[in-house]
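Hello,

Here is the structure I promised to pass on to you. Please open it first, and then read my notes below with the view in front of you.

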Amino acid sequence: MARLIRPKILGRQLGGAKISWLRTLGGSTRPAFTKAIEGTRVGRVWRRAKWIVVDLERDREPAGHLLIHLRMTGRLVVSKEAVPFERVSLQLDGGAERFVFSDVRKFGRFQYVRDSQSVLDGLGPEPLSKEFTSDWLRAALRHRKRQLKPLLLDQTFLAGLGNIYVDEALHLARLHPLRSAEKVNAASADRLHEAIQTVLARAIELEGSSFDTFYRTPEGQPGAYQHQFQVYGRDGLPCHACGSKIAKMVVGQRGTHLCRRCQPKPRAARST
DNA sequence: CTATGGCCCTGGTTGC
DNA sequence: TGCAACCAGGGCCATA
């Protein structure tokens, strides 16, 4: 999303803001937000974990950042037309185009911060960075007692994985979501490391997963990773690897999909 | 440190 | 057919 929206806003000047859902701003008031944004120019557009970061400049000097989190149904669009479920929109270059944050469920954030550290500090490593090595993962798992699925969803442990990609990565690594992290042996940790990178790289390449009317690129196009799903949303269907039925369970209030044959349950967690 | 559950929201799907 | 219950790419917070 950061990469796709970048060419549409880079270097452009931001004008008036229209805020139709206050909580989207994440705590600031309409006047404070508007004053901070108006007249700034878009510098770098980058990403950290699930945050899209838009660096702002005023007279070539740093002037804070927009921190954008799409949560479930957030979407970024540059458009002259009205966009359904607009929550925040910013004039671009005083012209007809607007930079719009649309969000059906209103969970997303489009907030201004002077300093991005407070929000971005404390996040785990990027799964596609050099920092995230199989050695790092092996060591990190060794001293954690949590179940793999909630641990991998924890952004302070590893940043950027969501429900779909955790299920897909665990299946590819042949690991049960309830397995305790400390009981993952070195070979399994290495498989998990590789699976996480494989799944994420491929999903980014295919521009994400679109299985209903939400979840679109800024062009309104669907992604294509949903065609690669091995387990997510495939409960009751045969596993592509072994043919047995994909199961669905609830782990940490999240729907969790797995193949019980490819991802056998560890003895200690055998009761659930 | 870990686990659990409520809450924030709306819309599409499921099931009676 | 109609309507209520349930579920959804996420994350915060309080409590135990």
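Let's begin with Gln253, which counts as exposed because its relative accessibility is 74%, and the cut-off for exposed is over 50%. Do keep in mind throughout that this is a predicted model. Gln253 sits in the loop between strand S9 (246-251) and S10. Its phi is near 60°, a positive value in a residue other than glycine. As background, most residues other than glycine have a negative phi. Gln253 also takes part in the contact with DNA: an N or O atom of its side chain is 3.3 Å from a base nitrogen of DNA strand B.

Phe85 makes a good companion to look at next. Its phi is also a positive value, near 60°, again in a residue other than glycine. You will find Phe85 in the loop between strand S5 (74-79) and strand S6 (86-92). With a relative accessibility of 45%, Phe85 counts as partly exposed, because that class lies between the 20% limit for buried and the 50% limit for exposed.

Both of these residues belong to the surroundings of DNA strand B, which also include Trp21, Arg23, Val104, Arg105, Lys106, Phe107, Arg144, Lys145, Arg146 and Gln147. Of the atoms of DNA strand B that come within 4 Å of the protein, 66% are from sugar and phosphate. By class, the residues of this surface are four nonpolar, two polar and six charged. Two neighbours in the list are worth zooming in on. The side chain of Arg105 has an N or O atom 2.9 Å from a base oxygen of DNA strand B, whereas Lys106 places a polar side-chain atom 2.7 Å from a phosphate oxygen of that strand.

Now for the other DNA strand. What surrounds DNA strand C? There are 19 residues around it, and the closest are Ser209, Tyr215, Tyr232, Lys248 and Arg254. Here sugar and phosphate make up 52% of the DNA strand C atoms that come within 4 Å of the protein. The surface near DNA strand C holds seven nonpolar, seven polar and five charged residues.

Several side chains meet the phosphates of DNA strand C. A polar side-chain atom of Lys248 is 2.8 Å from a phosphate oxygen. For Lys50, an N or O atom of the side chain is 3.1 Å from a phosphate oxygen, and for Asn163 the corresponding distance is 3.4 Å. Helix H6 (163-172) and strand S10 (254-259) are the elements that give two or more residues to this surface. H6 gives the most, with three residues.

Away from the DNA contacts, have a look at Arg48 in strand S2 (residues 41-48). Is Arg48 buried or exposed? Arg48 is buried, because its relative accessible area of 18% is under the 20% cut-off. Its side chain has polar partners in the backbone: a polar atom of the Arg48 side chain lies 2.7 Å from the backbone oxygen of Gly124, and one lies 3.3 Å from the backbone oxygen of Leu123.

Last, a pair of helices. The axes of helix H4 (residues 134-142) and helix H7 (residues 186-205) come within 9 Å and cross at roughly 125°. That angle makes H4 oblique to H7. The crossing in which H4 passes H7 is right-handed.

Enjoy exploring, and do write back with any questions.

Best wishes

Definitions and conventions: Residues are numbered from 1 along each chain as its sequence is written. Chains are lettered from A and ligands numbered from 1 in the order in which they are written. This is a predicted model: local features need pLDDT of at least 70, side-chain atom pairs count only at pLDDT 80 or more; totals for chains, interfaces and linings use all residues. Side-chain values use heavy atoms; hydrogens and water are left out. A residue is near a molecule or strand if one of its heavy atoms lies within 4 Å of it. A polar contact is a pair of N or O atoms within 3.5 Å; within protein, one must be able to donate a hydrogen and the other to accept it, and residues adjacent in sequence count only if both atoms are side-chain atoms. Ala, Val, Leu, Ile, Met, Phe, Trp, Tyr, Cys and Pro count as nonpolar, Asp, Glu, Lys and Arg as charged, and the others, Gly among them, as polar. Helices (H or I, at least four residues) and strands (E, at least two) are DSSP runs, numbered from the N terminus. Buried means under 20% relative accessible area, exposed over 50%, partly exposed in between (1.4 Å probe, protein chains only). Axes are lines fitted to C-alpha atoms, for helices over the stretch in contact, and angles run from 0 to 180 degrees between N-to-C directions. Angles under 35 degrees count as roughly parallel, over 145 as roughly antiparallel, 65 to 115 as roughly perpendicular and the rest as oblique. A crossing is left-handed if the near helix is turned anticlockwise from the far one by less than a right angle, and right-handed if clockwise.
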